[in-house]
Amino acid sequence: MKIGFYGLTHLGITYLSATVYKGFDVIGFDDNEVIKKIKSNKYIKEPHIFSVLKNNKEKILLTSNLSNLNKCDLIFFSYDTPISSNGKSIDTFIKIKINRLLKVLNKDKKLIILSQVNPGFTENIRWNKDLLFYMVETLIFGQAFQRAINPERIIIGTSTKGSNLKILKNFLKSFCKKFIITDYNSAEFTKICINIFLISSIFTTNNLASISKKIKVNWDDIVKSLRLDKRIGKYAYLTPSIGLSGTNLIRDLNVVHDLSKKNNLSSELSRYWVKESYNRKWIKDQFQKIQNKNKNLNCLILGLSYKENTDSILNSVSIYFIEQFNILKKCKFTCYDPVVKKINYKSIKLIENKYFYKFKKKSKNVLLILTP
């Protein structure tokens, strides 16, 4: 069996490498520039992926010729869905890419949508519904490969229970044997619901941890009890953070907020969460206190990516902070991150080794650690 991937962004290259790791031959399509970056290992930083690609070259064909995907038994639509500056999906990008694929794809090909889309999207794709599926991805930056090869369950949206679904399931059994089969809309909304529950955990944790600090309660001791409660669980998000990072959670939060308003349902909670997701007031307040007392500051920021083991700076707390104080010319910012090697801020000095930085004895120095 040969598996195709249309789009080699973070989503596509992760599932392609996981599929190769499981022993399948693959064909991956994208633009020539993307393919060059993948082959030179100057692409997305994600543990394990590129070592798998390097060690399995004989199983991989990377191509910019779209018709090559017709050689595959299953074709995954695997572009990351772009997100606008206000945290909403740019669906037009996905629609353009799908229409381009369908013009070339043979009419008997089985197509699986992996990209994040809103409920109703897959149903509206003009393709034989017996050959069209939606699959929920639950990747995490920095842990994407491990989650791709060993998911907790596989969720498939379909309109058929026939032989084509059996073929897809037989392939996916190499990854996981726990299946949830549902309709397109339910599968699409399942992905969103998962993220909303994560968001609720993050905000609840941050709120309770803040209260604990004020009333001199040991939050770490409370966490031990919470993890042993089956209704909460040992994998729950119980570590306090500065707020939501990345963009996927904020995107799904906006989807739920919009759906609530559209269907005349209460949207107060989602509106509050949307507001809070962009609120990093604590950071600004803390730094402003120092800056008001000491005008000339030398600042070293450790950590730029929005989470560990990735070079993604999407909605990063550190980048947010830099954007807020970049106009303060009297503050000099130097940054270090073990993975992020380039940022588009000319006034920010990015160093390759944190030990190269020397705090100045006669100046006021500030160390900022804004990532885990």
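Reader: Where does Lys 216 lie, and what makes it count as exposed?
Author: In this predicted model, Lys 216 lies in the loop between α7 (184-214) and α8 (219-227). Its relative accessible area is 79%. Exposed means over 50%, so Lys 216 is exposed.

Reader: What is the sign of phi at Lys 216?
Author: Positive. Phi of Lys 216 is near 60 degrees, and the residue is not glycine.

Reader: Why is His 48 called partly exposed?
Author: His 48 has 41% relative accessibility. Buried needs under 20%, and exposed needs over 50%. The value falls in between, so His 48 counts as partly exposed. His 48 is found in the loop between α2 (32-39) and α3 (49-55). Its phi is also positive, near 80 degrees.

Reader: Why does Ser 318 count as buried?
Author: Ser 318 has 0% relative accessibility. The cut-off for buried is under 20%, so Ser 318 counts as buried. Ser 318 is found in helix α12.

Reader: What does Ser 318 touch?
Author: Among its contacts beyond four places in sequence are Ile 301, Leu 304 and Leu 370. Gly 303 is another. A polar atom of the Ser 318 side chain lies 2.6 Å from the backbone oxygen of Gly 303.

Reader: What makes α11 oblique to α12?
Author: Helix α11 (residues 281-293) and helix α12 (residues 317-325) pack at about 50 degrees, axes 11 Å apart. Roughly parallel needs under 35 degrees, and roughly perpendicular starts at 65. The angle fits neither, so α11 is oblique to α12. Their crossing is right-handed.

Reader: Which kinds of residue make up the contact of α11 with α12?
Author: The contact has 6 nonpolar, 2 polar and 1 charged.

Key
Residues are numbered from 1 along each chain as its sequence is written. This is a predicted model: local features need pLDDT of at least 70, side-chain atom pairs count only at pLDDT 80 or more; totals for chains, interfaces and linings use all residues. Side-chain values use heavy atoms; hydrogens and water are left out. Axes are lines fitted to C-alpha atoms, for helices over the stretch in contact, and angles run from 0 to 180 degrees between N-to-C directions. Helices (H or I, at least four residues) and strands (E, at least two) are DSSP runs, numbered from the N terminus. Angles under 35 degrees count as roughly parallel, over 145 as roughly antiparallel, 65 to 115 as roughly perpendicular and the rest as oblique. A crossing is left-handed if the near helix is turned anticlockwise from the far one by less than a right angle, and right-handed if clockwise. Ala, Val, Leu, Ile, Met, Phe, Trp, Tyr, Cys and Pro count as nonpolar, Asp, Glu, Lys and Arg as charged, and the others, Gly among them, as polar. Buried means under 20% relative accessible area, exposed over 50%, partly exposed in between (1.4 Å probe, protein chains only). A polar contact is a pair of N or O atoms within 3.5 Å; within protein, one must be able to donate a hydrogen and the other to accept it, and residues adjacent in sequence count only if both atoms are side-chain atoms. Contact means heavy atoms within 4.5 Å.
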